[in-house]
Structures are given as structure tokens and as C-alpha cells.
Amino acid sequence: MTQTEKILAMDSRVIHPWEGFGKSVNQRTIISHGDGIYVYDNDGNKLLDGPGGMWCNNVGHGQKRIVDAMTKQAAVLSYVSPWSHPTEVSAQLATKLAEMAPGDLNRVHYTTGGSTAVDSALRFVMFYNNVRGQYDKKHILSRHDAYHGSTYLSASVSGKSRDKNWLDFESELVHFLTSPNPYRMPKNMDEKDFVNHLLRELEETILDIGPNKVAAFIAEPILASGGVIVPPAGYHMGCLQICRQYDVLYISDEVVTGFGRLGHWFASEEVFGIVPDIITTAKGITSSYAPLGAVLISDRLINEVDSLSTNTSIFANGFTYSGHPVACAAALANIEIIQEENLLENARNVGCYMQEKLKSLIDLPIVGDIRGLGLMGCVECVASKDTREPLEADYKIGARIDAHCQSLGLLVRPLINMCVLSPALLISESEVDDMIAILRLGIERATADLCAKQLTPSK
Ligand SMILES: Cc1ncc(COP(=O)(O)O)c(C=O)c1O
């Protein structure tokens with residue numbers, strides 16, 4: 001048995017996220033180490049990490065400064081209960097986050113990752129309305145194609161239909177609005193009509209349920225795992241205005257867009273012009289060197305809760321590893337690297353370049369849409385460019401493209417009929433050139449597979 005086969009045999013005990021059952025062969029690639037924007041598999045093949053892990057490896061692999069900060073913190077103090085004892089690193093990080101966050105989002109509730117940040121944000125909204133005596137104000141509005149996580153509550157507000165097949169969800173209190181995907185807007189509309197349509201739907205939904213019952217609207221600035229859906233201009237601002245009008249809290253889920261992916265610490269205000277009531281963040285906060293999440297809550301909400309609370313009002317939410325000192329040390333070092341190496345600026349510049357380069361793939365016969373912003377990009381494959389009908393899941397086109405790209409030295413993240421890219425913020429223009437050249441070849445080879453199987457997409 002080779003070393004790789006041995007590891008795969010041991011790995012067969014692991015139930016991975018989104019594990020598919022009924023398959024017998026474990027064909028996953030074992031990644032042994034990483035350096036900058038590259039990872040290396042167990043056989044020594046160098047692979048450009050196109051998805052940056054899972055949209056989370058913002059400063060690249062092998063950053064010694066983060067490793068040293070974590071080592072030092074673990075040696076000095078590996079853990080203390082966040083219930084009773086603050087630590088210097090968690091307090092310092094909270095101060096930094098408050099400086100970086102928009103508006104008066106100055107209060108920080110730590111979690112262990114993105115799902116627990118979303119879950120905690122939604123539970124805070126429930127707590128907030130209970131303290132205000134608004135016991136019926138509990139309904140949550142989300143969107144189709146949204147992804148907010150994998151706890152019961154965060155999965156319940158996620159709107160990717162394929163994930164709904166084999167599990168159970170809270171459905172009484174959660175309502176889904178149309179995905180703000182311009183590529184799939186009704187044919188008779190332009191983008192302005194589409195925005196008006198989406199805003200009307202939001203307002204009518206609030207009025208149907210009753211504003212006294214609707215607690216929050218949760219939205220990723222760009223729907224990431226739903227396929228990098230960039231809502232049309234004016235959408236977020238319009239949604240915020242309607243939420244304000246009906247006393248509905250706006251939760252901006254910046255688990256992916258935070259910490260530089262769009263060239264700013266947070267995208268809500270800098271990119272989309274809105275200051276939400278709550279921001280959830282994780283992933284890039286430590287560039288994936290340690291699990292950490294945070295809910296950033298506005299002073300306004302906390303002051304209101306403070307003023308209405310009796311000493312029996314407790315926000316009974318939190319985790320053993322909330323604000324873990326080693327994770328906070330990683331986050332502080334990560335933020336320093338982003339600042340000192342001007343990675344926000346690089347993400348803005350190279351992000352524009354990557355979007356331009358990606359657009360050049362539109363001539364490929366199965367590519368229907370190319371979309372994205374900053375260092376988030378997506379290629380969507382369709383059966384017909386005219387009807388925009390997606391290439392069905394059975395074709396496994398995303399996985400085929402991924403397999404071809406991997407043999408050529410690039411990891412992409414397949415999502416059914418789409419491939420997404422979100423490389424580390426330090427990527428250069430020439431590395432983008434390499435990435436897009438490989439992606440082109442990967443799509444061409446995957447198209448040839450379909451043709452060989454006589455599944456040729458019509459034009
Ligand atoms: C927008 C968004 N929110 C929440 C999550 C959940 O984060 P985690 O996987 O860290 O729990 C994700 C994960 O991809 C995400 O993309």
C-alpha cells in the first residue's frame with residue numbers, strides 16, 4: 001500500500017461535511033502542505049488553491065507570523081473560560097473589530113465559526129425581541145440560494161434547495177424571498193425592474209406576515225455558495241430601507257465577504273453602502289489558521305437591551321471556545337499581515353483584473369454566465385446560452401472541470417454546474433493569468449467529455 005492509500009483507508013472512518021453515502025471509493029486528494037497561494041498533494045503535485053480553502057485562506061498558507069503568534073499564545077495561556085475571564089487577546093481583537101466595522105457596530109459576541117455566528121445572531125434577535133416584550137416578533141426572512149451554515153438554525157435560513165432533501169428544518173418562522181440573481185431575472189425585466197420587483201416582494205412579505213411578527217432579514221452581500229450571485233445595484237440599500245421602515249433588523253452575513261475578499265475589511269458599507277444592525281463574520285478573520293467567528297452588534301441594540309433588561313435577562317448563548325485565545329492571537333496576526341502587506345489594495349486591484357480575465361471565458365460554448373466581484377468569481381455552465389437552462393446535475397460538469405483543472409495544477413470549487421474561485425488576497429496578476437488559462441483548458445476538456453458522451457450542449 002502506498003502512503004496515500006494508507007491515509008485514504010484510515011480516512012474512510014471520517015464522515016466529511018456533505019458526505020455522500022452509497023459510494024464505495026474514497027477518491028479525495030490528500031493535501032500535505034501549503035505555501036502562499038499553493039497547496040501540495042501527497043504525491044508532491046503543486047496546486048494553485050483557487051477557492052482559497054473554502055473562501056477562507058485570505059493571507060495564504062504558511063504565514064510564519066500567524067504560526068508564531070498562535071504558538072506564543074498557546075504557551076502563555078491556551079485556554080480560560082470565556083464565561084468568567086476575559087483575555088488580553090480577545091479584548092484587543094474586539095477593539096480592532098469595532099474599529100474596522102461600519103457605523104456603531106461596536107459590540108462583539110465571539111463564536112467558533114460562521115454557522116455559530118449566524119445561529120448566535122438569530123438567537124440574539126430573538127433575545128432582543130423578548131427583552132422588548134415583542135414575543136411574536138420572531139419570523140426571519142432569507143433568500144433562495146443563500147447559504148448561512150450548518151447548525152439547525154443557520155441551515156434553516158439557508159436557501160439552497162439541494163441541501164434541503166435529506167434533513168429537517170425550522171419552517172414555521174423562516175420565509176424565503178427570490179434570489180437576487182440578475183442572470184435568472186424574468187426575461188421581460190431590466191435590472192431596475194428586477195430590483196423594484198425584489199423590493200416589492202420583501203415589503204409585501206413583511207406586510208403579509210405582519211411587521212409585528214417579522215424580526216430580521218438575513219443576507220450575504222454576495223451570495224457565495226449559491227454561486228457568487230452579485231445583487232443588482234440598489235438592492236441592498238432598498239432592502240435596508242424597507243427593513244428600517246418596519247422595524248426589521250438587517251443581518252449582513254459577511255462570513256465570506258469580510259476581511260478583504262472584496263478589497264475591504266467589510267463589504268456592507270464600503271461596497272454596498274449599507275450599515276446593517278448586525279454583521280456575522282468568520283473564515284478570513286483568522287485566514288483559516290484557527291476556527292473563530294464573531295457577531296458584531298450595534299451599540300443601539302445593546303443599549304436598548306441594557307435599558308430594558310432586569311438582572312434576570314441573560315443572553316444564554318455561547319460556546320466553550322468562544323473567543324479562544326489562540327484563535328484570537330491568530331486573528332490579530334492575520335489582521336496585521338493584511339494591513340502591512342497592503343492586501344486590501346491588492347485584492348481590489350487584482351480582483352478587477354481577475355474579473356476581466358474571467359470574462360474572457362464567455363466564448364466557450366457551455367459557459368452561460370461569468371460573474372463576481374473582487375476576488376470572488378464564478379463560471380456557470382448551461383445547456384443552452386439562449387434559454388440559460390443550467391447543465392443538469394447528472395452531467396457533473398463542475399466536478400469534471402475541477403478534475404481536469406486539478407490534473408493541470410489548479411483547484412477550483414465545483415458547485416453542480418458552476419465553478420467558483422476565491423484565491424488568497426496576495427495573488428498576483430500573472431498567477432491570475434495561470435489560473436484562468438488552466439480553467440479554460442479544464443472547461444474545454446470537460447466539454448469534450450460531454451461531446452464524447454453525445455451530450456453536446458446546444459448553442
Ligand atoms: C455566507 C456564509 N455564512 C455562514 C457560513 C458557515 O460558516 P462555517 O462553515 O464556518 O460554519 C458560510 C460557510 O461557507 C458562508 O459562506
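# Notebook: strands, cores and the ligand shell

**Entry 1, the small open sheet.** I began at Ile31, which stands opposite Asp41 in E2. I keep in mind throughout that I am reading a predicted model. Looking at the two strands involved, I found that E1 and strand E2 (residues 38–41) pair over 4 bridges, in the antiparallel sense. I then asked in what order the strands of this sheet come. The order is E1-E2-E3-E13, in an open sheet of 4 strands whose pairing is mixed. Strand E1 (31–35) and strand E13 (410–411) each have a single partner strand and stand at the edges, so one side of each is left without a neighbour in the sheet. As background I noted that strands of a sheet pair through backbone hydrogen bonds, either parallel or antiparallel.

**Entry 2, the whole chain.** Stepping back, I noted that the protein has 14 helices and 15 strands. Its radius of gyration is 22 Å, close to the 23 Å that the globule rule gives for 459 residues, so the protein is as compact as a globular protein of that length. Along the principal axes, I read a span of about 70 × 60 × 45 Å for the C-alpha trace. Buried residues make up 47% of the 459 residues. I also looked up how contacts are spread along the sequence: among those with a separation of 6 or more, 73% join residues that are 24 or more positions apart.

**Entry 3, strand E10 and its two partners.** Is strand E10 (residues 293–297) mostly covered or mostly open? I found it mostly covered, since 5 of its 5 residues are buried. Gly293, Val295 and Ile297 point one way from E10, while Ala294 and Leu296 point the other way, and all of them are buried. Strand E4 (residues 107–111) pairs with E10 in the antiparallel sense over 5 bridges, and within this pairing I saw Tyr110 opposite Ala294. Strand E9 (residues 278–281) also pairs with E10 in the antiparallel sense, over 4 bridges, and here the bridge partner of Thr280 is Val295.

**Entry 4, Leu97.** From E10 I went to Leu97, which is found in helix H4 (residues 88–100). Which residues does Leu97 contact, leaving aside its neighbours within four places in sequence? They are Val108, Ala294 and Leu296; the last two I had already met in E10. A residue counts as buried with 20 or more other C-beta atoms within 10 Å, and Leu97 is buried because it has 24. I also recorded that Leu97 and Trp265 are 168 residues apart in sequence, yet 9.2 Å apart in space from C-alpha to C-alpha.

**Entry 5, strand E12.** Next I looked at strand E12 (residues 376–381), where 6 of the 6 residues are buried. On one side I listed Met376, Cys378 and Glu380, and on the other Gly377, Val379 and Cys381, so that both faces of E12 are covered. Strand E11 (residues 367–373) is joined to E12 by 6 bridges, and the two run antiparallel; the partner of Asp369 in E12 is Glu380. E11 and E12 form a hairpin with 2 residues between them, and in its turn Gly374 has a positive phi of about 55°. Strand E15 (residues 418–421) is joined to E12 by 4 bridges, again running antiparallel, with Cys419 in E15 as the bridge partner of Val379.

**Entry 6, two residues with positive phi.** Most residues other than glycine have a negative phi. Keeping this in mind, I looked up two residues in loops. Asn342 has a positive phi of about 50° although it is not a glycine, and its place is in the loop between helix H11 (325–340) and helix H12 (343–359). Asn342 is partly exposed, with 13 other C-beta atoms within 10 Å. Arg388, which is also a residue other than glycine, has a positive phi near 65°. It lies in the loop between E12 and helix H13 (397–408), and with 14 C-beta neighbours inside 10 Å Arg388 counts as partly exposed.

**Entry 7, around the ligand.** How many residues surround the ligand? I noted 16, and the closest are Gly113, Gly114, Ser115, Gly149 and Val255. I then asked which helix gives the most to this shell. It is helix H5 (residues 114–131), with 3 residues. By kind, the shell divides into 7 nonpolar, 7 polar and 2 charged residues.

Technical notes:
Residues numbered from 1 in each chain as written. Predicted model: local features only at pLDDT ≥ 70, side-chain atom pairs only at ≥ 80, totals over all residues. Near = placed C-beta within 6 Å. Nonpolar A, V, L, I, M, F, W, Y, C, P; charged D, E, K, R; others polar. Pairing = 2+ DSSP bridges. Rg over C-alpha atoms; globule rule 2.2 N^0.38 Å. Buried ≥ 20, exposed ≤ 12 C-beta atoms within 10 Å, placed from the backbone. Contact = placed C-beta atoms within 7 Å.
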